[in-house]
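Q: Could you walk me through this model, starting with the annotated domains and then moving on to local details?

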Amino acid sequence: KVRKFGTEFYYCHNVCRGGAIQFFGTKHHHDKWLRDTENYLIKGCFAMTELGHGSNVRGIETITTYDSNTGEFVINTPCESAQKYWIGGAANHATHTIVFSQLNINGTNQGVHALIAQIRDADGNVCPNIRIADCGHKIGLNGVDNGRIWFDNVRVPRENLLNSVADVSPDGKYLSAIKDPDQRFAAFLAPLTAGRVNIAVNAVYQSKVGLAIAIRYALTRRAFSLKPKEPEVLLLDYPSHQRRLLPLLAKTYAMSFGANYLKMLYVKRTPQSNKIIHVVSSSFKATFTWSNMQILQECREACGGQGLKTENRVGHLKAEHDVQSTFEGDNNILMQQVSKALFAEYMAAQKPNKAFKGLGLEHMNKPCPVIPSQLTTTTLRCSQFQMDALCLRERDLLNRFVAEVSQCQAKGESKEHAFIMSYQLAEDLGKAFSDRAILQTFVEAEATLAACSLKDVLGMLRSLYALNCLEDGAYLRYGYLSVENAATVRREITKICSELRPYALALVSSFGIPDAFLSPIAFNWIDANSWSSAQH
């Protein structure tokens, strides 16, 4: 089950350029439609989500039947919960839509399929048998005209079925090389991975912008003197302010390496790599978008009252990108998918002569790492220790998750019910997988550098990210760290923040964000707020 509520936000722009036709269609669709979508003669939208169904795409209620007498498909919205909802571009501008519906052929439901349907004419008038309404004002992303669509016996040519996975012959026979409905549905949704990849990467970009603004402001804004007649102290010279922002900076660097890995994984994709792309993109999309919200909120607060001004961007970015945790897969559901995939890998590795291979789980074939009873600075900053600590958590949580699901099944419960009841371990496991996978990309990127001052700074960032992961509640909850060791980790984080302070400006400058994408408080905020500026 893939959370699709709001998928249309992202696909509004992509489909206008024919992305869905490219992915779901075949050559005759490409030849007929793509040039017009590229030239904006046709403006598309992506109609999957319904009022009553988001995550459960398989349960959508819009119905399409085939009329073999006319060679047309007939699309209907059978009830109010079946209205298409959150359809980006639909409210005002789209001329055509990719409509997802249950395909009913000769009384047999063949599952969810997609067709091209016209919803407006060239003059912008809504087509007959179509009703369209606006979704209303949103907390953010109001530049997208999300709309609702109802279909009443809307007829489209047979050729408008996007048939990369299945087709219908002129006389009404259902045709597909994939006979298993589950496999066919999975193949049908596989192209949507591109959306998760894009959103994951975009979240990292937004985090970089927020941190560049907040850290630049903290390097010029002063507050309070430590002694009478002394200058006030820069915000970033306060250990508390360093602790607020610099671990998030380290996390953003880590996510950036993870995003680069994900992009290359997708660009070099093969049919054999579809599974790992699905799992990694699900994991990173959830982690990066959740982190982006956390980072932007902390940056907003770290900028004080200036963070509330729209022109300073941070609060506005948060409102605009809040939806990222929901569209292209609800984050909680994506993390459950990750845990289910890890469960399947575990069960496969239990067969004779089988070992863990793929998804970075090869560490499960090795002896279980042991965290020393006393941790030192040298140990805490060692990349091998950091990787061992994250692998230990992932390994133990996977073992616990499998055991809990298996115990539930042993009592006669179905596997699906067992997964639902084990949701807390599933969430912890998904996070453990993501943190370990991200650290792995960081370590691999760092290893490409010869010894130099840049590598030293990256080493500090990597240590700060890894130790920040060790502050996750799971390390105390499941006993991986003693209370004393957890306190040692916390002190080391504070120490690394202090050591990174001199590099703060260089680290955000290296993001390469053009000045125009930042805000007044990232530069001379006094001039920006002067009386002369107000007159302009």
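Q: Before the details, how much helix and strand is there in residues 192-342, and how far apart are the end C-alpha atoms?
A: The span is 69% helix and 3% strand, with its end C-alpha atoms 21 Å apart, where helices (H or I, at least four residues) and strands (E, at least two) are DSSP runs numbered from the N terminus. This is a predicted model, in which local features need pLDDT of at least 70 and side-chain atom pairs count only at pLDDT 80 or more, while totals for chains, interfaces and linings use all residues. Residues are numbered from 1 along each chain as its sequence is written, and side-chain values use heavy atoms, with hydrogens and water left out.

Q: What does UniProt call residues 192-342?
A: The unreviewed UniProt entry lists them as "domain: Acyl-CoA oxidase C-alpha1"; UniProt positions follow the numbering used here, feature names are shortened, and annotations may be inferred rather than shown by experiment.

Q: And what is listed for residues 45-154?
A: The unreviewed entry in UniProt gives "domain: Acyl-CoA oxidase/dehydrogenase middle" for that range, over which the chain is 0% helix and 45% strand, with the end C-alpha atoms 17 Å apart.

Q: Which way do strand 2 and strand 3 pair, parallel or antiparallel?
A: Strand 2 (residues 63-67) and strand 3 (residues 72-76) pair in the antiparallel sense over five bridges, pairing being assigned if DSSP finds at least two bridges between two strands. They form a hairpin with four residues between them, and Gly-71 in the turn has a positive phi of about 70°.

Q: What does Thr-65 stand opposite in strand 3?
A: Thr-65 stands opposite Val-74 there, and its bridge partner in strand 5 is Asn-104, since strand 2 also pairs with strand 5 (residues 96-105), in the parallel sense over three bridges.

Q: Switching topic, how many disulfides does the structure hold?
A: It holds zero disulfides, a disulfide being a pair of cysteine sulfur atoms within 2.5 Å.

Q: Why is there no bond for Cys-135?
A: The closest cysteine sulfur, in Cys-45, is 11 Å from the sulfur of Cys-135, which is too far for a bond.

Q: Is Cys-135 buried or exposed?
A: Cys-135 is buried, at a relative accessible area of 15%, where buried means under 20%, exposed over 50% and partly exposed in between (1.4 Å probe, protein chains only).

Q: Last one, where is Glu-328?
A: Glu-328 lies in the loop between helix 8 (314-321) and helix 9 (331-349); its phi is near 60°, a positive value in a residue other than glycine, and at 0% relative accessibility Glu-328 counts as buried.
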